[in-house]
Amino acid sequence: IAYFAVMRSQTQQALDKFNQEFNTSEQRWMLALESTGDGLWDWYVPESRIVYSDRWKSMLGFLPAEFDHQPGSWHKRIHEDDYPAAMAMLQQVLDGERDHYAMEYRMACKDGSWKWVFDRGMVFKRDEEGKSLRVLGTLADISKIKQSEEAVWQYANVDTLTGLPNRRLFFDRLDQQLRLIK
């Protein structure tokens, strides 16, 4: 009995050490990912539950305790014009047709404004049939990049003095119409 008690104690100590090292390693990964400025999410698919990082929530204007863990709460915030493509790509991941995805779309913030985000996800675990059990990902705010792209487009295609389309845009649209005729 003494031998089994010693073995049990040693096994418990080894398990405690492993758990401590694992938690430290996981904390390092979380810290490294959070330092990028991206929000993290971890979706437990069979449970229909997503865990969001505080950064993910704050990007959309939420406090840590304000956002629930339901996938629908996230998905209903996707802009209606972007929703079909975003859901189609996500469904491909859930069905096992792809291992990862990356896409841009607009999301509604708590205050009702829209924010452009870059969402990346990858399957972390699948069942025997290839269905996704756990999907991990990040969400990055790309609103400033989109604003810069719009400004560049405006400068390239619109006269700054009159606000009217410039010659470049005129010839581009003319070319598009001529292609439709052919």
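The paragraphs below lead through two helices, a set of salt bridges, a surface patch and two backbone details of this predicted model.

A convenient place to begin is helix α4, which covers residues 83-94. Its 12 residues should span 16 Å at 1.5 Å a residue, and the C-alpha atoms at its two ends are indeed 16 Å apart, so the expected and computed spans agree. Within α4, the residues A86, M87, L90, V93 and L94 are buried. When the helix is viewed down its axis, these buried residues fall within an arc of 115°, and they therefore line one face of α4. The other side of α4 carries P84 and A85, both of which are exposed. As for what the buried residues of α4 pack against, the partners are the strands β1 (39-44), β3 (100-108), β4 (114-126) and β5 (132-141), together with helix α3 (71-75). After α4 comes G96, whose phi is positive, near 90°.

Helix α5, made up of residues 143-157, can be read in the same manner. It has 15 residues and reaches 21 Å from its first C-alpha to its last, which is close to the 21 Å expected at 1.5 Å a residue. Its buried residues are S143, K146 and N157. Seen down the axis of α5, these residues fall within an arc of 70°, so they too line one face of their helix. On the face turned away from that buried side, α5 carries the exposed residues K144, V152 and Y155. The cover over the buried residues of α5 includes β3, β4, β5 and α6, and of these elements β3, β4 and β5 also pack against the buried residues of α4.

W153 is another residue of α5, and it counts as partly exposed because its relative accessibility is 37%, which falls between the limits of 20% for buried and 50% for exposed. Leaving aside residues up to four places away in sequence, W153 touches V158, L169 and R173. The last two of these contacts, L169 and R173, carry numbers that fall within the range of helix α6, residues 167-181. By contrast, the C-alpha atoms of W153 and K115, which are 38 residues apart along the chain, are separated by 19 Å.

The next step is to follow the charged side chains. Side chains of opposite charge can pair when their charged atoms come close. A search of the whole structure finds 11 salt bridges, and among them is the pair of R126 and D99, whose closest N and O atoms are 3.1 Å apart. Because R126 lies in strand β4 and D99 in the loop between α4 and β3, this pair ties together parts that are 27 residues apart in sequence. R126 itself counts as partly exposed, at 25% relative accessibility.

K146, already met on the buried side of α5, forms a salt bridge with E104, with the closest N and O atoms 2.8 Å apart. This pair links distant parts of the chain, since K146 is in helix α5 and E104 is in strand β3, 42 residues apart. While K146 is buried, its partner E104 is partly exposed, with a relative accessible area of 41%.

A further salt bridge joins K115 and D141, whose closest N and O atoms are 3.5 Å apart. K115 lies in strand β4 and D141 in strand β5, so the pair ties together parts that are 26 residues apart in sequence. Here again the lysine counts as buried, K115 having 18% relative accessibility, whereas D141 is partly exposed, with a relative accessible area of 35%. In addition, salt bridges that share partners join D81, D82 and R106 into one network.

Nonpolar side chains also appear at the surface. F170, F171, L174, L178 and I181 form a nonpolar patch there, with about 520 Å² of accessible area together. L178, one of these residues, lies in helix α6 and is partly exposed, with a relative accessible area of 42%.

A last backbone detail concerns S48, which is placed in the loop between β1 and β2 (49-52). Its phi is near 50°, a positive value in a residue other than glycine, and S48 counts as partly exposed, at 33% relative accessibility.

Definitions and conventions
Residues are numbered from 1 along each chain as its sequence is written. This is a predicted model: local features need pLDDT of at least 70, side-chain atom pairs count only at pLDDT 80 or more; totals for chains, interfaces and linings use all residues. Side-chain values use heavy atoms; hydrogens and water are left out. Patches are made of residues with over 30% relative accessible area and no salt bridge: like charges are joined within 9 Å, nonpolar side chains (Val, Leu, Ile, Met, Phe, Trp, Tyr) within 5 Å. Accessible areas come from the Shrake-Rupley method with a 1.4 Å probe; for residues, only the protein chains shown count as cover. A salt bridge is a side-chain nitrogen of Lys or Arg within 4 Å of a carboxyl oxygen of Asp or Glu. Helices (H or I, at least four residues) and strands (E, at least two) are DSSP runs, numbered from the N terminus. Buried means under 20% relative accessible area, exposed over 50%, partly exposed in between (1.4 Å probe, protein chains only). The expected span of a helix is 1.5 Å times one less than its number of residues. The arc is that of the directions from the helix axis to the C-beta atoms. Contact means heavy atoms within 4.5 Å.
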